[in-house]
Amino acid sequence: MASESHMPAPLCLIENTKGQLVANQEALKVLSAVTQPVVVVAIVGLYRTGKSYLMNKLAGKRKGFSVGSTVQSHTKGIWIWCLPHPKKPSHTLVLLDTEGLGDVEKGDQNNDTNIFALAILLSSTFVYNTMNKIDQRAIDLLQYPLMVQDGIKARKNSCIHQLCFYVIELSNLLRTITSPDGSRAEDAADFQCFCPDLVWTLRDFYLALEVDGKLITADEYLENSLKPGQGTNQSLQNFNLPHQCIKKFFPVRKCFVFDTPTHRKKFAQLETLCNDELNPDFVQQVEEFYSYILNHSKPKTLSGGIKVNGPYLESLVLTYVNAIGSGNLPCMENAVLALAQIKNSTAVKKAIAHYDQEMSQKVQLPTETLQELLDLHRVSESEAIRVFMKNSFQDVDQSFRKELETLLEAKQNDFCKQNLKASSDYCSALLQDIFQPLEEGVKLGIYSKPGGFRLFMQKTEKLKAMYYQKPGKGIQAEEALQKYLQSRESVSDSILQMDLALTKREKEKEEARVKAEAAEAEVHRLEAIQRHKQEMLAQRERLHQQQVRQAERNRARELAMYRRAQERRLQEEAKNIREHIEAERRQLYNEIQQLQREVRSPEDPCILL
């Protein structure tokens, strides 16, 4: 997205009308124009807990998402706000504000589950907004059953169990890949591959972050709250279940606590208050939350490494909403397949557009030969396939590759037809232009006399020669000429018959001479062709001889270089041998000198007896 002007204010992305979720086409249209990777931050929590206020802060605005101050829920459905990412260039920040969970006016548990599921599936960072603290006491925030069995409602009454309930519902709602016999091949832990990072926000937090007299961080508070109890009894296992579930689904977790922003009487004017009118601790906490979200939230990525942009996110919205609306189960596999279809369809279109561009730049119809056109097609086809391979994704069965090849084959056939037509049209127009003087001469009766047929044939051969000399006629040149001449045979026969009627005897002689001249002209043409071929052969022979001589020179040069190298090597070896012999000679000489000195030594202790 080039600028914020594309979405100056939030739009309703998914409308919630009487429990039915419907994608808003206006918002989808804006979303489809976002070509950059998207960082999707969604917030979910009870109604009237300040979710929209935090989202407006992330947008850097005081107003945007609707902020209410009464007991009635304001936000309905899911609202979207696309903004240039302030920390990540070439990325778009997508904020999703959801309607509050647990609104008594809705009275439909499935509606909240669907909103919760969509927020998780669409986001890369999932903000879970709750009030006061994380506890295991009888808060019972939503009064929704965790499970229903044998008509008995089992309730878990804490915000941990509330989150766990929705996560469990989500795992039941989503369809995973199954084995051939229909058994489930994945469990809840496998959803880590697409679950977003969890950011848990605690509003109006009043406790001291302290354990055993030691200060702890909000993150440590969250992790301590999620620690399982020690033991094996069933009640303890039931206690540990939500903790384990949240850890499995959200391997990346972060917690923020927020003090009360201001006096409750000012809550109605919260979005208009300046920072100096708010609790300083709250202002600092919001700033830390803002900084973390913008610096640590990752681009939305699907399995297979697909980086989601606006059109892909639009496809995900439609896939999930349509699945929920039709009573089916949202399927990650189907979503990826839908994205792959969009990406591969786009890749095919880009490849065809590239092929068309390449051919329009390289091909000038008509081509002189069919092979010339086919060669240009093969080059452009290779480029088009390269473009497709660069932009395609998970074309497992090669169906889109085959579709591209079929389209390229059709393009080739179409170019061949265009080439034939262009050649035929050009040659027809050229023949009409070249033979126009002959046609006019026939109309004026120039050839309606004794010897007229000979003149007619001479003029025809002259014009044929002119036609052959014209370039750019294409592959239909000869066929077009023959068709034209065949269409004028009646005129030729008429002139001949008239010539015969005027002077049969003279005409016979003239006809023979004319035919001889025509034959001679044909012979000359054939001879010219033969001479041209001989000249080409001679030229090739000269080129061959030049190559042979050059090869001989290269071999001679290489042989001389080899010999010089051998001579240098032999000289070096001889030098080394001489040096070695000289060294041995000097050594022997020194040894002889040493022996002679020892023999002549007067101190020799030896006594002859």
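What share of the contacts in the protein with a separation of 6 or more is accounted for by residues 24 or more positions apart? In this predicted model, such pairs of residues account for 70% of those contacts. The protein has 609 residues, of which 39% are buried, and its secondary structure consists of 16 helices and 14 strands.

The largest nonpolar core comprises 86 residues, and those with the most contacts inside it are Ile14, Ile80, Leu95, Leu96, Phe126, Phe289 and Leu313. Apart from this core lies another, of 19 residues, which includes Phe435, Ala477, Ala480 and Val491. For Leu96, when residues up to four places away in sequence are not counted, the residues touched are Leu13, Val40, Val41, Ala42, Ile43, Met55, Ile78, Trp79, Ile80 and Leu122. One of these, Ile78, is found in strand 4, which spans residues 78-84, and with a relative accessible area of 0% this isoleucine is buried. Once its neighbours within four places in sequence are left aside, Ile78 is in contact with Cys12, Leu13, Ile14, Leu96, Asp97, Thr98, Ile115 and Leu118. Leu13 thus appears among the residues touched by Leu96 and also among those in contact with Ile78. Between Ile78 and Ala119, which are 41 residues apart in sequence, the C-alpha to C-alpha distance is 8.4 Å.

Two residues other than glycine were found with a positive phi, each of them in a loop that follows a strand. Asn132 has a phi near 75 degrees and lies in the loop between strand 6 (125-131) and strand 7 (147-149); its relative accessibility is 29%, and it therefore counts as partly exposed. Asp204, with a phi of about 50 degrees, is placed in the loop between strand 9 (197-203) and strand 10 (210-211). In contrast to Asn132, which is partly exposed, Asp204 has a relative accessible area of 11% and is therefore buried, the cut-off being under 20%.

A cis peptide bond, with omega near 0 degrees, links Leu365 to Pro366, and Pro366 lies in the loop that connects helix 9 (332-362) with helix 10 (370-391). Both residues of this bond are touched by Asn419, whose contacts, not counting residues up to four places away in sequence, are Leu365, Pro366, Thr367, Leu373 and Ile475. Asn419 itself is found in helix 11, which spans residues 399-434, and at 1% relative accessibility it counts as buried.

Two packed helices are described by the angle between their axes and the distance between the axes. Helix 12 (residues 436-444) and helix 13 (residues 452-469) pack at an angle of about 165 degrees, with their axes 10 Å apart. Because angles over 145 degrees count as roughly antiparallel, helix 12 and helix 13 are roughly antiparallel to each other, and their crossing is left-handed. The contact is made by Pro437, Leu438 and Val442 on the side of helix 12, and by Phe456, Lys459, Thr460 and Leu463 on the side of helix 13. By character, the residues of this contact divide into five nonpolar, one polar and one charged.

Notes: Residues are numbered from 1 along each chain as its sequence is written. This is a predicted model: local features need pLDDT of at least 70, side-chain atom pairs count only at pLDDT 80 or more; totals for chains, interfaces and linings use all residues. Side-chain values use heavy atoms; hydrogens and water are left out. Axes are lines fitted to C-alpha atoms, for helices over the stretch in contact, and angles run from 0 to 180 degrees between N-to-C directions. Helices (H or I, at least four residues) and strands (E, at least two) are DSSP runs, numbered from the N terminus. Angles under 35 degrees count as roughly parallel, over 145 as roughly antiparallel, 65 to 115 as roughly perpendicular and the rest as oblique. A crossing is left-handed if the near helix is turned anticlockwise from the far one by less than a right angle, and right-handed if clockwise. Contact means heavy atoms within 4.5 Å. Ala, Val, Leu, Ile, Met, Phe, Trp, Tyr, Cys and Pro count as nonpolar, Asp, Glu, Lys and Arg as charged, and the others, Gly among them, as polar. A nonpolar core is a set of buried Ala, Val, Leu, Ile, Met, Phe, Trp, Tyr and Cys residues joined through side-chain atoms within 4.5 Å. Buried means under 20% relative accessible area, exposed over 50%, partly exposed in between (1.4 Å probe, protein chains only).
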